[in-house]
Amino acid sequence: MYSKTEENYLKALFNLAGKNGEVNVNELGKKLNIKMPTVNSMVKKLAEKKLVHYESYKPVRLTEKGKKAAALIIRKHRLTEMYLVEKMGFGWEEVHEIAEQLEHIQSPELFEKMDELLGFPGVDPHGSPIPDKNGKITWPKSSRLSEVPAGTVVTLTAVADSSDEFLKFLNSRELKLGIKLTVTAIENFDGTMTVHYHQHKGVTLSRVVCDKLLVAAV
């Protein structure tokens with residue numbers, strides 16, 4: 001069992017880690033909005049618990065133990081979001097802050113029951129993969145809508161931005177996971193895309209938006 005603060009650090013390290021698994025300590029401080037002396041002190045404590053590899057003036061890396069601990073925290077968060085949407089009728093833009101609080105509950109049985117009641121979903125309401133009870137994650141194959149050529153039909157599978165503002169924007173356009181999009185045109189100058197979906201024809205989406213929409217080929 002870890003403290004709430006330790007869990008927040010582990011989750012932030014997991015989410016910030018690049019392909020090599022490393023995270024700059026300054027970047028970690030900015031993510032958590034915490035001053036560097038405090039960050040360095042906590043990272044040292046995590047290292048003492050064998051959760052991270054840490055050397056002064058070098059990037060931090062989660063150990064295998066740390067990766068599993070972080071994945072299990074993320075599992076609780078994403079299962080909670082899915083439960084709030086599927087079983088309690090919350091909108092996908094409403095669940096993040098609630099899940100932030102509930103993810104620190106120390107009761108594996110609660111989340112296993114939640115998983116069972118949901119039918120063991122593979123992803124959360126935003127399309128992000130839910131780690132299994134052993135902390136393993138299966139990453140679905142997807143690409144950014146901005147990378148798709150004109151004339152392609154794709155399915156919206158996830159969003160790379162789950163902020164309230166972005167999700168409310170998608171709601172206003174009636175864009176949700178599972179919807180099929182046909183890319184009809186791409187503006188050479190700035191990458192703006194024109195798409196068709198359901199009854200919506202000729203909808204324009206900026207490059208900023210298209211970069212945040214993850215899709216799979218139909």
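A residue is called buried when its relative accessible area is under 20%, exposed when the value is over 50%, and partly exposed in between. These terms are applied below to the charged residues of a predicted model.

A search of the whole structure returned 10 salt bridges. In one of them, the side chains of Lys11 and Glu100 meet with an N to O distance of 2.5 Å. This pair links distant parts of the chain, since Lys11 belongs to helix 1 (residues 4-16) and Glu100 to helix 5 (residues 96-102), 89 residues apart. The two partners fall into separate accessibility classes: Glu100 has a relative accessible area of 24% and is therefore partly exposed, whereas Lys11, with a relative accessible area of 11%, is buried.

A salt bridge is also formed between the side chains of Arg78 and Asp124, at 3.9 Å from N to O. Arg78 lies in helix 4 (residues 64-86) and Asp124 in the loop between helix 6 and strand 4, so the pair ties together parts of the chain that are 46 residues apart in sequence. Both Arg78 and Asp124 are buried. For Asp124 the relative accessible area is 3%. The loop that holds Asp124 runs between helix 6 (108-118) and strand 4 (143-144). When residues up to four places away in sequence are not counted, Asp124 touches Arg78, Glu81, Met82, Ile130 and Leu177. Arg78 is thus both a contact of Asp124 and its salt-bridge partner.

A further salt bridge joins Lys113 and Glu116, whose closest N and O atoms are 3.5 Å apart. Both residues lie in helix 6, where a separation of 3 residues corresponds to about one turn of the helix. Lys113 is partly exposed, with a relative accessible area of 43%, and Glu116 is likewise partly exposed, at 44%. Salt bridges with shared partners also join Lys11, Glu100 and Glu103 into one network.

Negative charge is also found outside these pairs. Glu94, Glu97, Asp164 and Glu165 gather in a patch of negative charge on the surface. Within this patch, Asp164 is placed in helix 7 (residues 164-172). The relative accessible area of Asp164 is 35%; because this value lies between the limits of 20% and 50%, Asp164 counts as partly exposed. Asp124, by contrast, is buried at 3%.

Note on methods. Residues are numbered from 1 along each chain as its sequence is written. This is a predicted model: local features need pLDDT of at least 70, side-chain atom pairs count only at pLDDT 80 or more; totals for chains, interfaces and linings use all residues. Side-chain values use heavy atoms; hydrogens and water are left out. Patches are made of residues with over 30% relative accessible area and no salt bridge: like charges are joined within 9 Å, nonpolar side chains (Val, Leu, Ile, Met, Phe, Trp, Tyr) within 5 Å. Accessible areas come from the Shrake-Rupley method with a 1.4 Å probe; for residues, only the protein chains shown count as cover. A salt bridge is a side-chain nitrogen of Lys or Arg within 4 Å of a carboxyl oxygen of Asp or Glu. Lys and Arg count as positive and Asp and Glu as negative; His and the chain ends are not counted. The place of a charge is taken as NZ of Lys, CZ of Arg, CG of Asp or CD of Glu. Helices (H or I, at least four residues) and strands (E, at least two) are DSSP runs, numbered from the N terminus. Buried means under 20% relative accessible area, exposed over 50%, partly exposed in between (1.4 Å probe, protein chains only). Contact means heavy atoms within 4.5 Å.
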